Amino acid sequence: MNIAIVGTGYVGLVSGTCFAEMGVDVTCVDVDKNKIAALLAGEVPIYEPGLDQMVKTNVEAGRLHFTTDLTQCIDNVDIVFSAVGTPPDEDGSADLQYVLEVARTFGRSINKYTLLVTKSTVPVGTAEKVKAAIQEELDKRNSNVEFDVASNPEFLKEGAAIKDFLSPDRVVIGVESERARELMEKLYRPFVLNNYRIIFMDIPSAEMTKYAANAMLATRISFMNDIANLCELVGANVNMVRRGIGSDARIGTKFLYPGCGYGGSCFPKDVKALIRTGREHGYEMRVINAVEEVNEAQKSLLFNKLTAELGPDLKGRRIALWGLAFKPETDDMREATSLVLIDRLTNAGAEVVVYDPVAMDECRRRVGDRVKYASDMYEAAVDADALMIVTEWKQFRIPSWRVVARAMRGNLVFDGRNLYDPADLSDTGLVYSAIGLK
């Protein structure tokens, strides 16, 4: 089977490469000539463990191709996936301009029955807009070429995306014709053979499933952060509370870890878009509104803890940050807590020194020389008045606290991911503060 995937960002490149790994002939399309040139030269523009080697293997096998022009391959493909970005507008709604441009290009280009599948995260009702855009282009051509649209939302976790794609919890597919269903069944047959769940449904339900899933996970995080903040006030230990409620089979243990806020390309954007969708239909998503409010406040929690100790004026203070990416195993800093902390710290006059195993270049691109960049975690701590742990990288999990204590000028450690046992720091002179621990 031959397919095309438009958009070589995180979702598009991972999906295209994994489909190629399963034996599908894949052409990845992107209007960014520099990105395509880099991929043709063997350079992978995103960080995802194992992706660069998988791209290389499938290019060499002749199953994975790259181009800037969809029209070059569209006559030879059965399915076109749309995996372009849907960034939030100022009002929080998803910006569909790139999705609709793919639809218009599709409508201008198809000469035989082809299926257009939206893999981007889009609000309910987007499929109808996509169909209308395609039909408008066909009408301009006086063409009666048949087509279908479908929805196939992604559920990839950055840092584990290849495993998530090749061994999925479930594959959700929204279709509205038997012909489209048969094509998608053929494409995903290897997953059926491996007994992974393929769930077919109508398109609006598929579109809503992605938003509902991310909103539920975000809700669990914000709920636990709310509980953690109360634990500090009443003298409870949130780690004990988490274990206690997680042992209930109805609740489970996943996404119950408190911290200094979630970020990334999905949760913040999708929560905002779901809130906006509700308002467009006259309904206020009260729980999801609270989820967003708690998360935004949580991103400033470490700063608030710091100023409670050192005061609001941080001039002359040196603050070290361990971690910049919104989560481990990625260089993605979209909506990252580190960006909020850097803003608040520098605005208060602090000198900020940062270290991240992967995201340093991305930080330079976003922040420039507003912060100083250390070569390793211990260098970041040199002469620091306080240390903040922002991302739970494995490299940070068993530090030498005696080395940290000797390097620092002050003694404050703020753990935004609850990585450590306070007893490990007890004889170092460091003063430890985590989330939800008295």
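Which strands does helix H13 lie across? In this predicted model, helix H13, residues 301-310, lies across S9, S12, S13 and S14. Its direction is at about 160° to S13, the strand formed by residues 412-415.

Let me place those strands in their sheet. The sheet is open and has 6 strands, ordered S11-S10-S9-S12-S13-S14, and the pairing is parallel. Its edge strands are S11, residues 372-373, and S14, residues 431-433, each of which pairs on one side only. Strand S9, residues 318-322, pairs with strand S12, residues 386-389, in the parallel sense, and 4 bridges connect the two. As one point of reference on this pair, Ile319 has Ala386 in S12 as its bridge partner.

I turn now to helix packing. Two packed helices are described by the angle between their axes and by the distance between those axes. I shall present two such pairs.

The first pair is H1, residues 10-21, with H3, residues 51-60: the axes come within 10 Å and cross at roughly 50°. H1 is therefore oblique to H3. The crossing of H1 past H3 is left-handed. On the H1 side, the residues that meet H3 are Leu13, Val14, Thr17, Cys18, Ala20 and Glu21, and on the H3 side they are Leu51, Met54, Val55 and Asn58. By class, this contact of H1 with H3 comprises 7 nonpolar, 2 polar and 1 charged residues.

The second pair is H9, residues 203-234, with H12, residues 286-298. Their axes are 9 Å apart and the packing angle is about 55°. H9 is therefore oblique to H12. This crossing, too, is left-handed. H9 contributes Ala215, Ala218, Thr219, Ser222, Asn225, Asp226 and Asn229 to the contact, while H12 contributes Val287, Ile288, Val291, Val294, Asn295 and Gln298. The contact of H9 with H12 divides into 6 nonpolar, 6 polar and 1 charged residues.

Finally, I should like to examine a single residue, Thr346. Where does Thr346 lie? It belongs to helix H14, which spans residues 337-347. Within that helix, a polar atom of the Thr346 side chain is 2.6 Å from the backbone oxygen of Ile342. The side chain of Thr346 also makes a polar contact of 2.9 Å with the side chain of Arg370. Leaving aside residues up to four places away in sequence, Thr346 touches Val352 and Arg370. Arg370 thus appears both as a polar partner of Thr346 and among the residues that Thr346 touches.

That concludes my presentation.

How values were computed. Residues numbered from 1 in each chain as written. Predicted model: local features only at pLDDT ≥ 70, side-chain atom pairs only at ≥ 80, totals over all residues. Heavy atoms only, no water. Polar contact = N/O pair within 3.5 Å; in protein donor to acceptor, adjacent residues only side chain to side chain. Contact = heavy atoms within 4.5 Å. Pairing = 2+ DSSP bridges. Axes fitted to C-alpha atoms, helices over the stretch in contact; angles between N-to-C directions. Parallel < 35°, antiparallel > 145°, perpendicular 65-115°, else oblique. Left-handed = near helix turned anticlockwise from the far one by under 90°. Nonpolar A, V, L, I, M, F, W, Y, C, P; charged D, E, K, R; others polar.
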